[in-house]
Amino acid sequence: MATGQRDYYELLGVSRSAGEGEIKKAFRGLARTLHPDVSDAPDAQERFREVVEAYEVLSKPETRELYDRYGHEGLRGGGFTPTTFDLGSLADLFGAFFGDDLFGTVSRGARARGADVVEQVELDLAEAATGVTRQVPFPVTVTCATCGGTGAKPGTEPVACATCSGRGRLQHVSRTKFGEFVRSQTCPACGGAGRVVEEPCLDCEGSGRTVEERALQVDVPAGIHDGQQIRISGEGHAGALGGRAGDVYVQVRVRPDPRFVREGNDIFCTVDLTMTDAALGTTVKVPTLDGETELELEPGIQPGTLRVLRGKGMPVLQGFGRGDQRVLVNVQVPRRLTEEQRHLLEEFERSAGAETYEVDEGFFQKLKSAFR
């Protein structure tokens with residue numbers, strides 16, 4: 001990334017709570033100042049690339065959320081790579097990002113960036129904990145191999161539009177008592193391309209693009225959260241008139257695991273004890289993301305007690321270490337008793353004293369500690 005560890009909000013000169021409109025306005029102003037078309041500063045090109053990258057991240061909710069939570073490391077782990085923008089003209093820049101030129105008029109005939117592709121992969125929680133590589137198939141429009149994207153039949157070439165003389169735009173001059181007013185609009189004959197195809201390519205029917213099936217190997221990083229997206233730059237639909245291709249966004253869905261509940265990087269599970277096991281103490285097998293482990297529970301353990309297995313939770317996304325696994329103890333109370341069992345329990349209750357049910361005064365303190 002061009003910016004290394006520089007803060008994107010600082011680059012655009014906006015606060016971290018800035019809205020979409022404020023971010024767009026800040027980027028427009030900086031782009032007009034720093035673009036090599038208008039700036040002679042020796043570092044203008046590098047600074048321009050920095051603000052383009054910052055805008056790419058902060059203008060999209062999914063990349064902005066990833067950056068806000070995990071910073072630059074989270075973006076790299078989420079598959080973000082900055083656009084390799086060829087600078088071009090300042091009008092091309094605004095057309096690529098906003099679909100308009102410097103004066104806010106629509107520039108449909110310019111080389112348009114291709115549309116993005118959104119696909120989805122599903123993982124088990126255990127797979128999200130280790131990270132996996134998945135093959136993601138999807139249909140995508142590509143540049144027509146027969147005509148090379150021109151839309152014209154091989155052996156022919158598009159010709160200049162007779163309506164606009166190849167300019168792609170029409171100007172209408174109106175004279176009033178206040179002076180002359182010039183109105184510019186996209187040429188309706190060529191759609192702003194400045195050229196027309198007289199003999200269309202038979203394979204793409206003059207569009208310059210065809211549809212094909214493609215598959216990408218997508219690396220899903222360990223610790224990814226449900227709903228996060230991975231971006232693969234430049235692998236989306238082909239752009240019009242030679243414009244750059246769009247991106248592929250792979251949304252990750254993590255299937256619920258009946259054994260665990262995830263909260264951040266921690267996971268929670270329960271163990272069920274019989275009343276006698278809770279009173280006498282026992283050793284139970286507890287499921288973890290790494291397989292079963294044994295957990296020793298002392299005599300007299302109370303329902304609602306939490307035991308913490310350090311480092312047994314989810315990996316920190318693009319970071320170090322893992323969260324914890326918190327085991328909640330549930331004590332099962334008998335619902336149906338035989339006459340003999342009822343008699344034995346009644347005998348036990350008559351023999352029990354206050355010391356039998358001694359209150360653990362540190363229970364609530366332990367509960368607080370478990371949630372820290």
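**Exercise 1. Decide whether Lys 60 and Asp 247 are buried or exposed in this predicted model, and describe how their side chains meet.**

Solution. Begin with the accessibility: Lys 60 and Asp 247 are both buried, a class that requires a relative accessible area under 20%. Next, consider the contact itself, in which the two side chains form a salt bridge with an N to O distance of 4.0 Å. Then place the partners in the fold: Lys 60 sits in the loop between helix H3 (44-58) and helix H4 (61-77), while Asp 247 belongs to the loop between strand E8 (229-232) and strand E9 (248-254), so the pair ties together parts that are 187 residues apart in sequence. Finally, widen the view, since Lys 60 and Asp 247 are also linked with Glu 56, Arg 231 and Arg 244 in a network of salt bridges. Over the whole structure, a search finds 21 salt bridges.

**Exercise 2. For the salt bridge between Asp 226 and Arg 253, work out which parts of the chain are tied together, and classify the accessibility of each partner.**

Solution. The closest N and O atoms of Asp 226 and Arg 253 are 3.2 Å apart. Because Asp 226 lies in the loop between strand E7 (209-220) and E8, whereas Arg 253 lies in strand E9, the pair ties together parts that are 27 residues apart in sequence. As for accessibility, Asp 226 has a relative value of 40% and is therefore partly exposed, and Arg 253, with a relative accessible area of 30%, is likewise partly exposed.

**Exercise 3. Determine which class of accessibility applies to Arg 310 and which to Asp 324, given that their side chains meet in a salt bridge.**

Solution. The N to O distance of the bridge between Arg 310 and Asp 324 is 2.8 Å. Both residues lie in the loop between strand E14 (306-309) and strand E15 (325-332), so the bridge ties together parts that are 14 residues apart in sequence. Now apply the limits, by which a residue is buried under 20% and exposed over 50%: Arg 310, at 56% relative accessibility, is exposed, whereas Asp 324, with a relative accessible area of 13%, is buried.

**Exercise 4. Establish the order of strands in the sheet that contains E1, E9 and E8, and identify which strands stand at the edges.**

Solution. The sheet is open and consists of 3 strands in the order E1-E9-E8, with mixed pairing. Strand E1 (117-123) and E8 each have a single partner strand and stand at the edges, so one side of each is left without a neighbour in the sheet. On average, and with direction ignored, neighbouring strands of this sheet are turned by 25° against each other. Looking at one pairing in detail, E8 and E9 run antiparallel and are joined by 4 bridges, and Ile 232 has Val 248 in E9 as its bridge partner.

**Exercise 5. Describe how strand E12 (residues 282-288) pairs with strand E13 (residues 291-297), and state what joins them.**

Solution. The two strands pair in the antiparallel sense over 7 bridges. One of these contacts can be located at Thr 288, whose bridge partner in E13 is Gly 291. The connection from E12 to E13 is a hairpin through 2 residues.

**Exercise 6. Locate Leu 345 and explain which surface feature it helps to form.**

Solution. Leu 345 belongs to helix H8 (residues 339-351), and, with a relative accessible area of 33%, Leu 345 is partly exposed. Together with Met 275 and Leu 337, Leu 345 forms a nonpolar patch on the surface, the three residues having about 210 Å² of accessible area together.

Methods: Residues numbered from 1 in each chain as written. Predicted model: local features only at pLDDT ≥ 70, side-chain atom pairs only at ≥ 80, totals over all residues. Heavy atoms only, no water. Patch = residues over 30% accessible without salt bridge, like charges linked within 9 Å, V, L, I, M, F, W, Y side chains within 5 Å. Areas by Shrake-Rupley, 256 points an atom, 1.4 Å probe, with all protein chains shown as cover. Buried < 20%, exposed > 50% of the residue type's maximum accessible area, 1.4 Å probe, protein only. Pairing = 2+ DSSP bridges. Axes fitted to C-alpha atoms, helices over the stretch in contact; angles between N-to-C directions.
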